[in-house]
Amino acid sequence: MKITDVEAIWLQLPTVDDRADGTQDTLVVKVHTDEGIVGVGEVDSSPMAAKAIIEAPLSHRIARGLRLCVIGEDPLDIARLWHAMYEGSIFFGRGGAAQQAISGIDIALWDIAGKALGQPVYRLLGGGFRNRLRAYASILFQETPEATYDLARRLADQGFTAVKFGWGPMGTSEKTDLALVRMARRGLGDHLDLMIDAGICYDTATAIRRAHQFAEYNPFWLEEPLHPDNLEGYSRLAAVSPIRIAAGEQETTLVGFQALLDAGLAVVQPDVARVGGISQAIQIGRMAMQRHRLCVNHSYKTGISIAASLHFLAALPNAPLLEYCVEQSPLRQTLTRETFPVVDGWVAVPQEPGLGITLDEEVIARYRVA
Ligand SMILES: [Mg+2]
């Protein structure tokens, strides 16, 4: 089997605003083969930047578009092609948008391998530790504590057993921060798990203070309170925090995740559409396992990312939860025909060959901008 083409398809809603909502656009990757099997992947990046990295012409040996690194090659040689993409983009890559772009092709290669071998992807990763994951509903803090309370009530009524609120007005003031968390907890009741995503809003001293203040509301973790470059702050925070500290969604490399584990984080959160795909996400999860830490996906895109996340998480012993974005964007809700229903708070791992998804081509046609 040979790769004949790589398509990078940029989708975007008619209006995009500056909320921290990644479901407003995406980059879908299709890898075509001479045997008619098409693999599907997704990139979480600036879609225009990642599309350019995939489609770029040859500049020189270590500065070539990712498409050129894989065209004509056997798609089942996933590790070799991952290396070829990484080495072929060293000049402008080794992280950031180039690594995010590699993710889309890597996920598509695993989809092809599963379809060609008649196996769901998680089985190619060594098999499943579980056939369903406990989903936590992931949504942004609402503009007021009262609106956050109402939303928490609605999500609890939908059967979720864990909910994360993030970003929005968090960080505005001590009073607002505590009111948001208090009302989120009140809306969920005492028996559901609550995660707090601070959204990079604190300096180290404030984060240490908030971790102690939030502890009263028994959060399962406090996520991304600090700037991703503030590793010294993460070390100090993790050493004294009474609750788990989680981060990792801004990291794209193994080195970056190693540094977060060294800083003492309890939970690392690789995004399969940012870290270089399934090939790297599973490695990050295993690194966390060696340190007896949890690995939970970051995912705030479409059903493609949900499926890819389910497969790598299923193949890890230390991955008890699934981030499940509940934004109502049509890209999140309708791009894949599979809807990944939450049943009693759990989402099933796909059992069909490959990722187990089919794209709705009408949705692609409606939102395609390039
Ligand atoms: Mg987050």
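Which residues does Tyr367 touch, not counting residues up to four places away in sequence? That is the topic of the first view; every close-up here comes from a predicted model.

**View 1. Tyr367 and its contacts.** Tyr367 belongs to helix α14, which covers residues 361–367. Leaving out residues up to four places away in sequence, Tyr367 touches Trp10, Leu11, Gln12, Leu13 and Pro14, plus Pro330 and Leu331. With a relative accessible area of 12%, Tyr367 is buried, because anything under 20% gets that label. If you want a long-range distance to check, take Tyr367 and Ala56: they are 311 residues apart in sequence, and their C-alpha atoms are 23 Å apart in space.

**View 2. Thr26 and its surroundings.** Thr26 sits in strand β2, residues 25–33. Its relative accessible area is 0%, so Thr26 is buried. The side chains of Thr26 and Glu42 are joined by a polar contact of 2.5 Å. Setting aside neighbours within four places in sequence, the contacts of Thr26 include Ile9, Trp10 and Leu11. Also among them are Glu42, Val43 and Pro47, as well as Lys301, Thr302 and Leu331. Trp10, Leu11 and Leu331 may ring a bell, since Tyr367 in View 1 touches them too.

**View 3. The magnesium ion and its protein donors.** Three residues supply the protein donors here: Asp197 through OD, and Glu223 and Glu249 through OE. These donors lie 2.0 to 2.1 Å from the magnesium ion. Along the chain they follow the spacing D-x25-E-x25-E. Asp197 lies in strand β6 (residues 193–197) and Glu249 in the loop between β8 (244–247) and α10 (254–262), so this pair ties together parts that are 52 residues apart in sequence. Are Asp197 and Glu249 buried or exposed? Both Asp197 and Glu249 are buried.

**View 4. Phe160 with Tyr324, and a charge over the ring.** The structure holds five aromatic pairs. One of them is Phe160 with Tyr324, a tilted pair at 6.1 Å centre to centre with 45° between the planes. Why does this pair tie together parts that are 164 residues apart in sequence? Because Phe160 lies in the loop between α6 (145–157) and β5 (162–166), while Tyr324 lies in strand β11 (residues 321–325). Phe160 has 5% relative accessibility and counts as buried. Tyr324 counts as buried too, at 7%. Keep Arg332 in the frame as well: its charged end sits over the ring of Tyr324, 5.0 Å from the centre.

**View 5. An aromatic cluster with an arginine over one face.** Tyr136, Phe220 and Trp221 form one aromatic cluster. Arg244 joins the picture by lying over the face of Phe220, at 4.1 Å from the ring centre. Arg244 is also the end residue of the stretch 145–244, which UniProt lists in an unreviewed entry as "domain: Mandelate racemase/muconate lactonizing enzyme C-terminal". Over residues 145–244 the chain is 49% helix and 14% strand. The end C-alpha atoms of that stretch are 23 Å apart.

**View 6. The buried residues of helix α8.** Helix α8 takes in residues 204–214. Its buried residues are Thr204, Ala207, Ile208, Arg210, Ala211, Gln213 and Phe214. As a reminder, an α-helix has 3.6 residues a turn, so residues three or four places apart point the same way. What do the buried residues of α8 pack against? Their partners are the helices α7 (174–188) and α9 (231–240), along with strands β6 and β7 (221–223).

**View 7. Ile200 and Pro228, from two loops.** Ile200 is found in the loop between β6 and α8, whereas Pro228 is in the loop between β7 and α9. The two are 28 residues apart in sequence, and their C-alpha atoms are 7.6 Å apart in space. Not counting residues up to four places away in sequence, Pro228 touches Ile200, Gln250 and Glu251. Ile200 is partly exposed, with a relative accessible area of 28%. Have a look at its backbone too: Ile200 has a positive phi of about 55°, although it is not a glycine.

**View 8. Arg94, another positive phi.** Most residues other than glycine have a negative phi. Arg94 has a positive value, near 60°. Its place is the loop between α3 (78–88) and α4 (96–117). Arg94 counts as exposed, at 55% relative accessibility.

Conventions:
Residues numbered from 1 in each chain as written. Predicted model: local features only at pLDDT ≥ 70, side-chain atom pairs only at ≥ 80, totals over all residues. Heavy atoms only, no water. Phe/Tyr/Trp six-rings, centres within 6.5 Å; stacked < 30°, edge-to-face > 60°. Helix = DSSP H or I, 4+ residues; strand = E, 2+ residues; numbered from the N terminus. Buried < 20%, exposed > 50% of the residue type's maximum accessible area, 1.4 Å probe, protein only. Lys NZ or Arg CZ within 6 Å of the ring centre and 35° of its normal. Donors = N, O, S within 2.8 Å, 3.2 Å for Na, K, Ca; no water. Polar contact = N/O pair within 3.5 Å; in protein donor to acceptor, adjacent residues only side chain to side chain. Contact = heavy atoms within 4.5 Å. UniProt positions renumbered as here; feature names shortened; annotations may be inferred.
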